[in-house]
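Here are a few notes to help you find your way around this entry. Have a look at the chain first, then take the points in order.

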Amino acid sequence: MAKRDYYEVLGVKKDAGNDNIKEAYRKLALQFHPDRNPGDKKTEEKFREATESYEVLSDSQKRATYDQFGFPGIENSGFNPTDDLGRVQQEFGDIFGRGSIDDLFNFFRGTSGTGSRQREQVFRGEDIEASVRIPLKEAAEGVKKEVSLTRLTTCQSCNGTGASAGTGKRPCPQCDGDGQIRHNQGFFSISQTCPRCGGNGEVIEKPCRNCNGKGRVREKERLQVTIPAGIENGSKLRIHGKGNVGIQGGPAGNLYLNVFVEEDPLFRREGNNLFYEQFITFSEAALGTEKEAPTLKGDVRMKIPAGTQTNTVLRLRGRGMPNISGYGRGDQLVRITIETPVNLTAEERRLLEDFEKRTTRRAYPKSKP
Ligand SMILES: [Zn+2]
Ligand SMILES: [Zn+2]
């Protein structure tokens, strides 16, 4: 294939400034980057062509040589793309990301691969889950709970390295310490992360016995967790960094704590309000009374007016659950139920019959005779 003029490749004029050249290359490189066009020979060739053009035109000396002598001048000047790529990487490393600029290296290096590349791969630890049950009262006040869980922590025997004491790592035999396995496809070679070393290029010489070379061990742990006041049943609390520790110094994952609020025998929760059912007698309802109503914070004296009907709801303001945001509280709603007297003695029965006989219709405006 005949070589195309460098200016033509980048689509810039002969007198283009450095910024124009750089921008033109950046666009082409992103468009034709092998990572974006896997296995496409045509774009590989375009990418190679653009990179070479940029190499020459972005260097004032090479550009002058090229302008004067054309391709032969460049070839004779000992142009070596491999050595010059450091500069491209510095300039464009951020747009390619590390993995792909490495491909760029492979591309120029072919399969002969000189020297091993140090690829420090770190992995974030996995998130884990745990659960805790708390009574309603604790949900109302907020509580510190000790949670038992099992998670992967750093192996103390090897400090997380996975290597047994006094031993180290050796280059991975499968990828010769490169971290990548290459498959040749004509001029270009495709890289894959080495499955043996996971891309690190190193394997452990003698695995730590305590952790089998994993660097992490399963451990039971007891953790103090603060559960905020007002928490809803089924909430998931995220506890930062309390998941499994990372691999090779990577950050730890998070712990997700499921909080279950137990049903309360007295109070039924609806949002931040609490419902409580208060039974009163038939004569208390007619005459009016005072009752001690239980609340989450002790008993409260409650006035029940004369003539209160069943299902009347009395409101004890601010006696409900606190808002989880920390502002305000719900109410306690007391629903009145009039307990109809049962198991009457003969005398009670007689008194009630007497009462019924003497009562006028005024006392029962809704009941038909
Ligand atoms: Zn270990
Ligand atoms: Zn390997």
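1. A good place to start is the pairing of two strands. Strand β1, which covers residues 128-134, runs parallel to β9, and 7 bridges join them. If you would like one pair to look for, Ile134 has Val261 in β9 as its bridge partner.

2. Before going further, please keep in mind that this is a predicted model. The protein chain has an average pLDDT of 84, and 86% of the residues score at least 70. Two stretches call for care: the pLDDT is below 50 over residues 82-86, which have 6 contacts in the model beyond near neighbours in sequence. It is also below 50 over residues 93-120, a stretch with 42 such contacts beyond near neighbours in sequence. Where pLDDT is low, the predicted coordinates should not be read in detail.

3. Back to β9, which has a second partner to visit. Strand β8 (residues 235-239) pairs with β9 in the antiparallel sense, over 5 bridges. Here Lys236 has Asn258 of β9 as its bridge partner.

4. How do the strands fit together? The 3 strands form an open sheet in the order β1-β9-β8, with mixed pairing. Because β1 and β8 stand at the edges with a single partner strand each, one side of each is left without a neighbour in the sheet. On average, neighbouring strands of this sheet are turned by 25° against each other, direction ignored.

5. Which residues of β9 lie on its covered face, and which on its uncovered one? Along residues 255-261, the covered face holds Leu255, Leu257, Val259 and Val261. Tyr256, Asn258 and Phe260 make up the uncovered face.

Definitions and conventions: Residues numbered from 1 in each chain as written. Chains lettered and ligands numbered in written order. Predicted model: local features only at pLDDT ≥ 70, side-chain atom pairs only at ≥ 80, totals over all residues. pLDDT = per-residue confidence, 0-100. Contact = placed C-beta atoms within 7 Å. Buried ≥ 20, exposed ≤ 12 C-beta atoms within 10 Å, placed from the backbone. Helix = DSSP H or I, 4+ residues; strand = E, 2+ residues; numbered from the N terminus. Pairing = 2+ DSSP bridges. Axes fitted to C-alpha atoms, helices over the stretch in contact; angles between N-to-C directions.
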